[in-house]
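Welcome! Please take a moment to look over the protein below before reading on.

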Amino acid sequence: MNIKNKILTVLSFCFSSIAMAVPQKIIFDTDMGNDCDDVVAFQMLLSYVKSGKADLLCVAINKDNPYAPKFTRLISEFYGFDNLPIFMVKDGFAKEDGHFNRKTLEAKNPDGSLRFPLKNKDEKFEDSIRGLRKTLVAQPDNSVVYISVGFLSNIARLLQSQPDDISSLSGKELVAKKVKYISIMGGGFAPHKFWGSKGDKIKPEYNIKIDPPSSTYVLSNTPVDIVLSPFEVGLYLQFPYAEVMHGFYDAKNNPASFACNAYVYRIFERSKVTAELDRYMWDPSSVLYVFEPHHFGISVAGDVVLDKNAVTIFKPNPKGKIKYLILAWDVVNNRPINQRAIVNRCAELCRFSPKGK
């Protein structure tokens, strides 16, 4: 190899290394408050941000309850991300408080003071669609991964948005130009025995069935590829309750620990058996896939439609834009082959300390 070729090889390696080191730009869309797996998924993202692997552009809340964005802000402040943009859905679904948003925000010390005070309790949160459009306009083309772990209301409305003072592009054009792909926790393609089901039928999945029109629109009109993490994936990945109480940074004073504990004890009626308090990791799987896809298998390309009950039906199609995650199965032990590796990795990510510590 001559000197010129050696120099070119070195430069190519350097540029490749720099490209690999560039943090992945992320939009996180969550129904924070409906299940504590959103809390775990959010912590994982913040951990990736701290390690330099992610650039979290904003959080869009798709649960239409005023405590949802405030709780999200509380977690971002605890971990040192005070200025993270947070947007709020308007006229959305799931207006109830849920099991931990309000409870955490209103928790008090023995002296009556708030246990987890916000730095700005009167913060106003911008409309999610305007916020998302502003965020995307400012990004390089084909640079953003959109992660959705809740209802598809925000994405549907974004795609349906029209040119405005923010951009001359429609929402669909804007997403096509700026977004690489969308990682969604949603749908289900295998029978299961969860929630009393006999295991002989595929059931409608929560994120999809709450807003079927939006789900149908997104799955049928996406201008970019979608990777679904279906219900059955998270069903076999359970986040250890012991990590909530002892693994999270400063667990006794961590609002994430308080919230997850409040949720699991409410759901399982204060069970004293630790194993029963382990929580299904639906949402974390959609985050983990973006940064560490080697943990999962993936289906062929296809299309997804909803039946009259909002059950997702996958139809293979080489030209389709949708794929879904698969767990390789250990037939002998009747569990996913890499089940423990995935759970341990998610737990490890959630042990990070706040920025600057």
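Here is a short tour of a buried residue, a helix pair and two backbone angles.

This is a predicted model, in which local features need pLDDT of at least 70 and side-chain atom pairs count only at pLDDT 80 or more, while totals for chains, interfaces and linings use all residues. Residues are numbered from 1 along each chain as its sequence is written, and side-chain values use heavy atoms, leaving out hydrogens and water.

Let's begin with D64, in the loop between strand 2 (54–63) and helix 3 (67–78). Its relative accessible area is 15%, so D64 is buried (under 20%; exposed is over 50%, and partly exposed lies in between, with a 1.4 Å probe and protein chains only). Beyond its neighbours within four places in sequence, D64 is in contact (heavy atoms within 4.5 Å) with residues including F93, A94 and K95.

Next, look at helix 2 (residues 37–50) and helix 15 (residues 339–349), whose axes are 8 Å apart at an angle of about 65 degrees. The two helices are therefore roughly perpendicular (65 to 115 degrees). M44, S47 and Y48 in helix 2 meet R345, C346 and L349 in helix 15.

Finally, meet two residues with a positive phi. Most residues other than glycine have a negative phi.

| Residue | Phi | Location | Relative accessibility |
|---|---|---|---|
| D91 | about 55 degrees | strand 3 (residues 86–93) | 67%, exposed |
| N142 | near 55 degrees | loop between helix 5 (128–137) and strand 5 (144–149) | 47%, partly exposed |

Helices (H or I, at least four residues) and strands (E, at least two) are DSSP runs, numbered from the N terminus.

How values were computed
Axes fitted to C-alpha atoms, helices over the stretch in contact; angles between N-to-C directions. Parallel < 35°, antiparallel > 145°, perpendicular 65-115°, else oblique.
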